[in-house]
Amino acid sequence: MEHDLLAEAQSGFRPLHFTHTALLEATNWWYLNIDSGLVDGVPFLDLIKVSDTVDHQILLQKLHLYGADFYTLKWFRSYLTNRKQKTFVNGYMPDYCSIICGVPLGSILGPLLFLAYINDLSACPLFSVPRVYADDTGLTICSSDPVDLKSKLNSGLAEIQTWLQANKLSHNTKKTKQKTIKQKNKYSIIGSHNKLLNLNYYFDVKIDENS
């Protein structure tokens with residue numbers, strides 16, 4: 001992007017950025033922390049149908065903050081409103097219904113508007129280094145002390161939940177990754193072999209009251 005508005009953590013829908021871009025950057029950070037004797041807590045978040053639930057008013061407010069003027073915002077409002085759709089289900093085609101939220105990802109502008117909407121997601125978690133591909137988000141939170149790591153994990157996830165509520169989005173707790181090195185729930189604990197062998201601690205990590 002010419003004006004560097006998109007967060008560096010975002011690898012989706014961008015030139016020279018791919019899924020393995022996010023993966024390589026995340027694994028490089030994990031290795032650096034391992035070399036420093038730290039343990040990483042890495043929650044993986046799955047947001048529910050973000051492109052279909054983008055709130056138009058919130059999106060326009062964010063575009064204004066990014067520098068869009070009155071006439072540009074008016075154009076975007078026109079682009080987003082008065083869209084209709086209908087879906088063929090089980091041999092039945094209902095009447096058209098109005099689309100009151102979401103962005104059309106099949107368009108050229110849709111992915112860019114989607115990225116603008118979730119751009120500040122990567123800035124909200126405390127103590128963490130995020131990696132994002134579109135709406136798939138992984139947080140890396142590190143510490144040498146398991147009690148401190150648990151506290152930072154829960155604080156970071158609480159920040160994420162606050163952001164989701166403010167932006168009228170939600171996450172899929174059941175689909176969030178559950179396979180981990182230490183067989184805990186919904187996150188990975190990553191560290192050196194010796195660190196993990198000696199890590200006798202239960203990480204009770206929650207987001208939205210779900211552990």
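A nonpolar core is a set of buried Ala, Val, Leu, Ile, Met, Phe, Trp, Tyr and Cys residues joined through side-chain atoms within 4.5 Å. The structure described here is a predicted model, and the largest such core in it has 41 residues. Those with the most contacts inside this core are Leu59, Leu63, Leu113, Ile160, Ile189 and Phe203. At least two residues of the core come from each of E1, helix H3 (56-65), helix H4 (70-80), helix H5 (109-118), E5, H6 and E6. In soluble globular proteins, nonpolar side chains tend to be buried together.

**The sheet**

Four strands form an open sheet in the order E4-E5-E1-E6, and their pairing is antiparallel. Strand E4 (128-133) and strand E6 (187-190) are at the edges; each has a single partner strand, so one side of each is left without a neighbour in the sheet. On average, neighbouring strands of the sheet are turned by 20 degrees against each other, direction ignored.

Two of the strand pairings involve E1 (residues 39-46), and the table sets out their bridges.

| Strand pair | Sense | Bridges | A bridge partner pair |
|---|---|---|---|
| E1 and E5 | antiparallel | six bridges | Phe44 with Gly138 in E5 |
| E1 and E6 | antiparallel | four bridges | Val42 with Ser188 in E6 |

Which residues of E6 point one way, and which the other way? Tyr187 and Ile189 point to one side, whereas Ser188 and Ile190 point to the other, and all of these are buried. In a regular strand the side chains alternate between the two faces of the sheet. Within E6, Ile189 is also among the core residues with the most contacts, while Ser188 is the bridge partner of Val42.

**Helices on the sheet**

Helix H1 (residues 19-35) packs on the sheet and touches E1, E4, E5 and E6. The direction of H1 makes about 160 degrees with that of E4. Helix H6 (residues 146-166) lies across E1, E5 and E6, and runs at about 150 degrees to E5. H6 is also one of the elements that supply at least two residues of the core.

**The pair H4 and H5**

H4 and H5 pack with their axes 13 Å apart, at an angle of about 115 degrees. Angles of 65 to 115 degrees count as roughly perpendicular, so H4 is roughly perpendicular to H5. Their crossing is left-handed. On the H4 side, Trp75, Phe76, Tyr79 and Leu80 meet Leu109, Gly110 and Leu113 in H5. One of these H5 residues, Leu113, is also among those with the most contacts inside the core.

Key:
Residues numbered from 1 in each chain as written. Predicted model: local features only at pLDDT ≥ 70, side-chain atom pairs only at ≥ 80, totals over all residues. Heavy atoms only, no water. Pairing = 2+ DSSP bridges. Axes fitted to C-alpha atoms, helices over the stretch in contact; angles between N-to-C directions. Contact = heavy atoms within 4.5 Å. Buried < 20%, exposed > 50% of the residue type's maximum accessible area, 1.4 Å probe, protein only. Parallel < 35°, antiparallel > 145°, perpendicular 65-115°, else oblique. Left-handed = near helix turned anticlockwise from the far one by under 90°.
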